[in-house]
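The following exercises introduce a structure step by step. Each task is followed by a worked solution.

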Amino acid sequence: MRDEDPGGGQRVASAWDDDRVIGDQEILVALHRAAGRSRLVSPGEESPWEYEIRDIRAVPGGIDMALVHRDGVGARMVVPLPSSGGSQPWLYADPDDADDWVGQLLIWVDEEVYTAGLRAGRTRVDTDDASYVELTSYGWRVSDPAEHERLLNFGTPQGRLEP
C-alpha cells in the first residue's frame with residue numbers, strides 16, 4: 001500500500017509493522033550510509049562499470065547526487081523524495097523501510113550505469129557547474145528521440161510495466 005502522508009514521506013505496508021511512514025530524512029540517512037563505497041557488477045572483482053555515489057545534497061523535494069565512473073566520467077541526478085509526490089520509477093515493490101527504498105534506487109542506478117548510462121547516448125541537462133541525467137519512467141532518458149518514444153510506451157508513470 002502506498003499513499004501520501006500529510007507530514008511528508010511515504011506510508012508503506014510492511015511485513016513487520018502496521019502502516020508506517022518512510023520519511024525523507026530517513027531516506028537521506030540511508031543513502032549516505034550506502035554511498036561512499038564503489039558499486040560493482042560483481043563484488044570482489046574489478047569492473048569497467050565500477051562507480052561511486054558522491055556529494056549527496058538535500059534539495060527541495062529531492063536528493064541531488066553525483067555519480068562518478070571509475071574512469072572519471074560522471075553526471076549528477078536529482079531523485080524525487082516521497083514527500084514531493086514525484087514519480088519514483090525505481091520502486092518495483094513497496095519498500096519496507098528507508099534502506100529498502102534506497103536499495104531499490106541503487107539497483108535502478110546500477111542498471112543505468114552498467115548499460116553505459118554515464119556515456120553518450122543519454123540526454124543531459126547542463127547547468128553552470130554540472131551535467132544532470134534526465135529521469136524518465138523507463139530509466140535515464142536516451143538521446144535518440146525515436147528510441148525515447150518507444151521506451152516511454154513500456155512504462156507507466158510510476159515506471160512499472162502493466163501486466
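**Exercise 1.** In which sense do strand β4 and strand β5 pair, and over how many bridges?

*Solution.* The model examined here is a predicted one. Begin by locating the two strands: β4 covers residues 51-59 and β5 covers residues 62-69. Their pairing is antiparallel and extends over 7 bridges. Next, consider a single position in this pairing: R57 lies opposite D64 of β5. Finally, turn to the link between the strands. The hairpin of β4 and β5 has 2 residues between the strands, and G61 adopts a positive phi near 80 degrees there.

**Exercise 2.** Determine whether R76 is buried or exposed, and list its contacts beyond its sequence neighbours.

*Solution.* First, place the residue: R76 belongs to strand β6, residues 74-80. Second, apply the cut-off, by which a residue counts as buried under 20% relative accessible area. R76 has a relative accessible area of 8%, and is therefore buried. Third, list the partners. With neighbours within four places in sequence set aside, R76 contacts D55, R57, D64, M65, A66, A130, S131, Y132 and V133. Among these partners are R57 and D64, the two residues that stand opposite each other in the pairing of β4 with β5.

**Exercise 3.** Describe how helix α1 and helix α2 are arranged relative to each other.

*Solution.* Start with the axes. Helix α1 (residues 24-34) and helix α2 (residues 98-114) have axes that come within 8 Å and cross at roughly 55 degrees. Because of this angle, α1 is oblique to α2. The crossing is right-handed. Then identify the residues involved: E26, I27, A30, L31, R33 and A34 of α1 meet A98, D99, W101, V102 and L106 of α2. Sorted by character, the residues of this contact comprise 8 nonpolar, no polar and 3 charged.

**Exercise 4.** Is W140 buried or exposed, and how far is its C-alpha from that of W108?

*Solution.* W140 is located in strand β10, residues 139-140. Its relative accessible area is 0%, so W140 is buried. In sequence, W140 and W108 are 32 residues apart, while their C-alpha atoms are 9.7 Å apart in space. W108 is one of the contacts of W140, which also include L67, M77, V109, E112, V113, L118 and V133.

**Exercise 5.** How many helices and strands does the protein chain have, and in what order do the elements run?

*Solution.* The count gives 3 helices and 10 strands. From the N terminus, the order is β-β-β-α-β-β-β-α-β-β-β-β-α. Of the chain's 163 residues, 42% count as buried.

Notes:
Residues are numbered from 1 along each chain as its sequence is written. This is a predicted model: local features need pLDDT of at least 70, side-chain atom pairs count only at pLDDT 80 or more; totals for chains, interfaces and linings use all residues. Side-chain values use heavy atoms; hydrogens and water are left out. Helices (H or I, at least four residues) and strands (E, at least two) are DSSP runs, numbered from the N terminus. Buried means under 20% relative accessible area, exposed over 50%, partly exposed in between (1.4 Å probe, protein chains only). Contact means heavy atoms within 4.5 Å. Axes are lines fitted to C-alpha atoms, for helices over the stretch in contact, and angles run from 0 to 180 degrees between N-to-C directions. Angles under 35 degrees count as roughly parallel, over 145 as roughly antiparallel, 65 to 115 as roughly perpendicular and the rest as oblique. A crossing is left-handed if the near helix is turned anticlockwise from the far one by less than a right angle, and right-handed if clockwise. Ala, Val, Leu, Ile, Met, Phe, Trp, Tyr, Cys and Pro count as nonpolar, Asp, Glu, Lys and Arg as charged, and the others, Gly among them, as polar. Two strands pair if DSSP finds at least two bridges between them.
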